[in-house]
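Colleague: Could you take me through one part of this model slowly? I'd like the sheet and whatever packs against it, one piece at a time.

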Amino acid sequence: MRIISGKYKSRRIPVPNNLKARPTTDFARESLFNVLNNMIDWEETTVLDLFSGTGSVALEFVSRGCPFVISVESNQNHYNFICKAQEILGAKELFPIKADVFKYLQSVNQKFDLIFADPPYDLPAGEKVPSIILEKNLLKDGGIFIMEHSKNHDFSHLPLFKKERKYGNVHFSFFEKEYTSNDLKTI
């Protein structure tokens, strides 16, 4: 696993063979973060990474300066790897949580600036993740939710949907929560 940019740029952490995750490809991850560079202020962004797998996306957020990143992963081996990567890098901004994502989403009451979800493409309940996040109102005003998925899913009918980006077989659907008039950020 390679960190693309930021304070851990070009750092590589060997991924053990016992991990069965389908990590977001370097090409898709780099493209996603290039898009996000124009959308967010890294140092002001709190992040929730769901179905974290190897933790590559969560660590990329930390590397770019996000001060608070929660990484939720249910698989013990994956969780252990994320904790090891956190230790190797000294990433104090990363908070790994070993939990079932759906149970976590039912109990969380915190709002985030950015939520990223990458459920296994073959997980039947995976397509419910956007609806759960939107119904639970987990985004702060001005917040962004990104769902990674295969070409077999279309989320354009959901509220707050803004766009879909495609990078090879990887698709990202973007949702954005507008600012309310009394909560506009000062420019």
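**The sheet and its helices**

Modeller: Happy to, and keep in mind that this is a predicted model. Let's come in from helix 1, where Ala28, Arg29, Ser31, Leu32, Phe33, Val35 and Leu36 are buried. Among the elements covering those buried residues are helix 2 (56-63) and strand 4 (112-117). Strand 5 (139-149), strand 6 (161-167) and strand 7 (170-176) also contribute to that cover. As for the geometry of helix 1 (residues 26-37), its twelve residues at 1.5 Å each should span 16 Å, and because the end C-alpha atoms sit 16 Å apart, the two agree.

Now the sheet itself. It's an open one with seven strands in the order 3-2-1-4-5-7-6, and the pairing is mixed. At the edges you'll find strand 3 (94-98) and strand 6, each of which pairs on one side only. Going from one strand to the next, the twist averages 15°. Helix 2 packs on this sheet, with contacts to strand 1, strand 2 (68-73), strand 3 and strand 4. The direction of helix 2 makes about 175° with that of strand 2.

A quick reminder before we go strand by strand: strands of a sheet pair through backbone hydrogen bonds, and they do so either parallel or antiparallel.

Take strand 1 (residues 46-50) as the starting point. On one side, strand 1 pairs with strand 4 in the parallel sense, over four bridges. If you want a spot to zoom in on there, Asp49 has Phe116 of strand 4 as its bridge partner. Strand 1 also pairs with strand 2, again in the parallel sense, this time over five bridges. Here, look for Leu50, which stands opposite Val72 in strand 2. The connection is worth tracing too: strand 1, helix 2 and strand 2 make a right-handed β-α-β unit.

Then there's strand 2. Five of its six residues are buried, so strand 2 is largely enclosed by the rest of the structure; buried here means under 20% relative accessible area. Moving on to strand 3, it runs parallel to strand 2, and five bridges join the two. One pair to pick out is Ser71 with its bridge partner Pro96 in strand 3. This step has its own crossover as well, with strand 2, helix 3 (residues 76-89) and strand 3 making a right-handed β-α-β unit. That brings us out to an edge of the sheet, since strand 3 pairs on one side only.

Definitions and conventions:
Residues numbered from 1 in each chain as written. Predicted model: local features only at pLDDT ≥ 70, side-chain atom pairs only at ≥ 80, totals over all residues. Heavy atoms only, no water. Expected span 1.5 Å × (residues − 1). Buried < 20%, exposed > 50% of the residue type's maximum accessible area, 1.4 Å probe, protein only. Contact = heavy atoms within 4.5 Å. Pairing = 2+ DSSP bridges. Axes fitted to C-alpha atoms, helices over the stretch in contact; angles between N-to-C directions. Right-handed = clockwise from strand over helix to strand, strands pointing away.
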